[in-house]
Amino acid sequence: MADPLYELLAPYFDDPPSPRPVPTSTDPVVSKYLSRLTTLPLSSLASQEAQSLAQSSHSTLLSIQSLSSRSNAAVIASADHFSTLDETLPLLAEELEQLQSQIPRLDKSAVAFSTTYSRSTENEILDRRKRALLMERNADRLSDILDLPTLLSSAISSSAAQGASSASNYATALDLYSHIKRLHLLYSDSPLIDSIYAQTESAMQDLTSQLIASLRGPNIKLAAGMRTIGWLRRVAPDLETTRNRGENTEGLLGYLFLVCRLSTLVNTLSALEPLRQLADQESRTRLSNTSRSAGGGKVNGSAYQGGQQSERYLKKYIEIFREQSFAIVSMYKSIFPTSTEETLGAEIKSPFMSSGLGSASQQKARQDASVASPSALATFPSHLTDLLFDTLKQYLPNVQDRTSKESLLTQILYCAGSLGRLGGDFSLMVAMLRPEETNISDSSEDDDESGEGEWVEVMKRHRELAGRLEALASGVGGGKGADRVGSLRVKSRA
């Protein structure tokens, strides 16, 4: 029934004429509306349907107006784009064709890139990038490594500023040096580590110089000396190289220690320069008077009778020599306990054993000792003794007062006994002082005998006193002590 109804209403579609096209019977909206009309009664069609259509039309008009108001800009833009669609579609098609033609080339380039920069193959650019990434990840570690020479230099500088109390700074510097040496052994092919190690070696040379300078300190103690030698063993291990034959185990450190302490002794004795200059004046006066007396054949009343300044100088000299020599040898024996005392004794007694006396075994031992390299301490006491006796031979003849001279000889014997406690007794070498070096007298035989007997009497009294002190110290009774003293007197007279 919809079709006849459509045919019935079709002539009225263009009344009044409208630009809209005529709806067809196959339109779903038209079919639905015609089906609805057939269900309405005639009264509804005559009275209510027109009003319903007017309301629907008005509602639709309002909706269209509202939509056009909201979507005005979008509608205009859509219209503009739609107007250019005829031009853009051919351009899009052309560009698609170009893209399609470039796809094989792009695929070839992608395959080449994948082959070139694959992780399974070696590539310089990738290696450089990997190194850059590795350096970025380890930037903090590299910064710490680069700061090692600066930290080492700071520790060494602070050690030099604080002096002997900088044990912790020295230990820190040595720990840093050990760490850098380990890095150099692990990464010996790294230029960066080589550069850091070179800077470290330069800094350690400064540290070695500081440690050697500390050994020359005027008031160095045993504990400080042992610490310094321990640090030198770590800083400069080549100084601890032993001799070829193996008899000497302290290496070059023993020689270095003795040289440094000897330099300190010489510098300390040089502080007596004002007294030495006065003693030199007395020496010149004595020699001048002696030459005049020798030329005139008789000593007049203006003969030399001085010696006070020489006595003052020698007393100070011997006192400093006794303290420093005992400190040097005792400290050396404490720091290097492996040095043999037999070699020391053989070297000290060598001036008195030149006659070749002794058993065959002793002679063979002396020959072996002469072939082997001596210990650093073996010849050092003899050098100290030569230093002392050179001064005594030069200034002791200036002292004319017998009491002062005996006092000086007694002081020399005490000095010999002090050093003798460490195996370096040189009391017998007092006999090497000629009479003219201990007394100013004529060249007659009586005066020579009096000069020779002077040091003998002094030595006898010194030995008697030493024997008594030893007897008292060991708790020996009076009879035994007297027998000991008597035996010492007999030995001294012999």
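The legends below describe close-up views of a predicted model, moving from the whole chain to its core, selected helices and charged pairs.

Residues are numbered from 1 along each chain as its sequence is written, and side-chain values use heavy atoms, with hydrogens and water left out. Because the model is predicted, local features need pLDDT of at least 70 and side-chain atom pairs count only at pLDDT 80 or more, whereas totals for chains, interfaces and linings use all residues.

**View 1. The whole protein is built from 21 helices and 0 strands.**
Helices (H or I, at least four residues) and strands (E, at least two) are DSSP runs, numbered from the N terminus. Of the 494 residues of the protein, 30% count as buried, where buried means under 20% relative accessible area, exposed means over 50%, and partly exposed lies in between (1.4 Å probe, protein chains only). The accessible surface, computed by the Shrake-Rupley method with a 1.4 Å probe, with only the protein chains shown counting as cover for residues, comes to about 31,300 Å², and carbon and sulfur atoms account for 56% of that area. Among contacts (heavy atoms within 4.5 Å) with a separation of 6 or more, 69% join residues 24 or more positions apart.

**View 2. The largest nonpolar core has 71 residues.**
A nonpolar core is here a set of buried Ala, Val, Leu, Ile, Met, Phe, Trp, Tyr and Cys residues joined through side-chain atoms within 4.5 Å. The residues with the most contacts inside this core are L207, F257 and F426, and the largest share of the core, 11 residues, is supplied by helix α14 (residues 308-335). Apart from this core lies another, of 5 residues, with Y6, V30, L34 and L37 among them. In soluble globular proteins, nonpolar side chains tend to be buried together.

**View 3. Helix α10 (residues 191-215) carries L207 among its buried residues.**
The expected span of a helix is 1.5 Å times one less than its number of residues, so the 25 residues of α10 should span 36 Å, and its end C-alpha atoms are indeed 36 Å apart. Its buried residues include I193, I196, T200, A203 and M204, as well as T208 and Q210. Leaving aside neighbours within four places in sequence, L207 is in contact with I156, Y170, A173, L174 and V235.

**View 4. T228 of helix α11 is in contact with L211, S214 and L215.**
These contacts leave aside the neighbours of T228 within four places in sequence. T228 is buried, with a relative accessible area of 5%, and both L211 and L215 are listed with the buried residues of α10.

**View 5. D175 and R234 form a salt bridge that links distant parts of the chain.**
A salt bridge is a side-chain nitrogen of Lys or Arg within 4 Å of a carboxyl oxygen of Asp or Glu, and in this pair the closest N and O atoms are 3.4 Å apart. D175 belongs to helix α9 (residues 167-186) and R234 to helix α11 (residues 222-235), the two being 59 residues apart. Both partners are partly exposed, D175 at 46% relative accessibility and R234 at 40%. A search of the whole structure finds 8 salt bridges.

**View 6. Two salt bridges, E124 with R128 and E406 with R402, each lie within one helix.**
The side chains of E124 and R128 meet at 4.0 Å, N to O, and because these residues are 4 apart in helix α6 (residues 124-137), about one helical turn separates them. E124 is exposed, with a relative accessible area of 61%, whereas R128 is partly exposed at 44%. For E406 and R402 the closest N and O atoms are 3.2 Å apart, and here too the residues, 4 apart in helix α18 (residues 402-420), are separated by about one helical turn. E406 counts as buried at 19% relative accessibility, while R402 is partly exposed at 48%.

**View 7. E273, R276 and D280 are linked in a network of salt bridges.**
Side chains of opposite charge can pair when their charged atoms come close. A further residue, S270, is found in helix α12 (residues 251-270) and is partly exposed, with a relative accessible area of 42%. S270 and Y317 are 47 residues apart in sequence, with their C-alpha atoms 9.6 Å apart in space.

**View 8. C260 and C415 are buried cysteines in a structure that holds 0 disulfides.**
A disulfide is counted as a pair of cysteine sulfur atoms within 2.5 Å. The relative accessible area is 4% for C260 and 1% for C415.
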